[in-house]
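Work through these short exercises with the model open beside you. Try each task before you read its solution.

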Amino acid sequence: FNGAALRRLSIPVGLEIGRTDEWKGRPWSQALRLSYVGDVLQDVPEGTVYSPYSGMGWRGKAVSPERHAFRAGYDTSLQCNERWSVYAGYGLEARGGSLYHRVNAGVAWSF
């Protein structure tokens with residue numbers, strides 16, 4: 001799109017339940033989040049689209065995503081020692097007929 005931009009402002013409203021415990025004497029934290037995400041502002045642009053391969057141009061409009069979504073997520077972190085920790089998480093967002101999955105895992109070093 002020539003100069004067009006999709007603008008969207010979403011504000012999640014939800015609940016988070018967290019717990020900090022110990023596993024084999026090491027701090028272990030967990031968090032579960034559930035939220036509803038409603039769009040406060042959504043501006044779907046129109047613009048001229050040009051294909052350099054065919055030399056053709058046409059009027060186009062961006063896809064309008066659903067205005068309402070549901071999100072769920074779970075994260076966990078285990079402190080191995082004073083410098084090292086491991087973490088993992090999963091997130092899901094359902095918006096209209098689409099599902100967005102997010103998975104993260106890693107190791108962190110503090111200095």
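The exercises below use a predicted model.

**Exercise 1. Strand 1 and its partner**

Find how many residues of strand 1 are buried, and say how strand 1 pairs with strand 2.

Solution.
- Step 1: Locate strand 1, residues 7-23.
- Step 2: Count its buried residues. Of 17 residues, the number buried is zero, so strand 1 lies largely in the open.
- Step 3: Look at the pairing. Strand 1 and strand 2 run antiparallel, with 17 bridges.
- Step 4: Check one position. R8 faces Q42 of strand 2.
- Step 5: Inspect the turn. The hairpin of these strands has two residues between them, and K24 there takes a positive phi near 55°.

**Exercise 2. S85**

Decide whether S85 is buried or exposed, and list its contacts.

Solution.
- Step 1: Place the residue. S85 sits in strand 6, residues 84-95.
- Step 2: Take its relative accessible area, which is 10%.
- Step 3: Compare that with the cut-off: buried means under 20%. S85 is therefore buried.
- Step 4: List the contacts, leaving out residues up to four places away in sequence. S85 touches S77, L78, Q79, C80, G106, V107 and A108.

**Exercise 3. An aromatic pair**

Classify the pair formed by W84 and W109, and say which strands it ties together.

Solution.
- Step 1: Know what to look for. A pair of aromatic rings is described by the distance of the centres and the angle of the planes.
- Step 2: Count the pairs. There are two aromatic pairs.
- Step 3: Take W84 and W109. Their centres are 6.4 Å apart, and their planes make an angle of 40°.
- Step 4: Classify. Planes under 30 degrees apart count as stacked and over 60 as edge-to-face, with the rest tilted. The W84 and W109 pair is tilted.
- Step 5: Place the rings. W84 lies in strand 6 and W109 in strand 7 (residues 98-109), so the pair ties together parts 25 residues apart in sequence.
- Step 6: Check exposure. W84 is partly exposed at 40% relative accessible area, and W109 is partly exposed at 46%.
- Step 7: Widen the view. W84, W109 and F111 form one aromatic cluster.

**Exercise 4. The largest pocket**

Describe the lining of the largest pocket by element and by residue type.

Solution.
- Step 1: Note the volume. The largest pocket holds about 190 Å³ of space.
- Step 2: Find lining residues. Among them are G14, R33, R71, E93 and Y100.
- Step 3: Name the elements. Strand 2 (26-43), strand 5 (68-79), strand 6 and strand 7 each give two or more residues to this lining.
- Step 4: Sort by type. The lining has four nonpolar, four polar and four charged residues.

Technical notes: Residues are numbered from 1 along each chain as its sequence is written. This is a predicted model: local features need pLDDT of at least 70, side-chain atom pairs count only at pLDDT 80 or more; totals for chains, interfaces and linings use all residues. Side-chain values use heavy atoms; hydrogens and water are left out. Helices (H or I, at least four residues) and strands (E, at least two) are DSSP runs, numbered from the N terminus. Buried means under 20% relative accessible area, exposed over 50%, partly exposed in between (1.4 Å probe, protein chains only). Contact means heavy atoms within 4.5 Å. Rings of Phe, Tyr and Trp (its six-membered ring) pair if their centres lie within 6.5 Å; planes under 30 degrees apart count as stacked, over 60 as edge-to-face and the rest as tilted. On a 1 Å grid over the protein atoms alone, a cavity is a set of points where a 1.4 Å probe fits but cannot get out, and a pocket is an open set with protein on both sides within 12 Å along at least five of seven lines; lining residues have an atom within 4 Å of a point. Grid points are joined across faces, edges and corners, and a volume is the space filled by probe spheres set on the points. Ala, Val, Leu, Ile, Met, Phe, Trp, Tyr, Cys and Pro count as nonpolar, Asp, Glu, Lys and Arg as charged, and the others, Gly among them, as polar. Two strands pair if DSSP finds at least two bridges between them.
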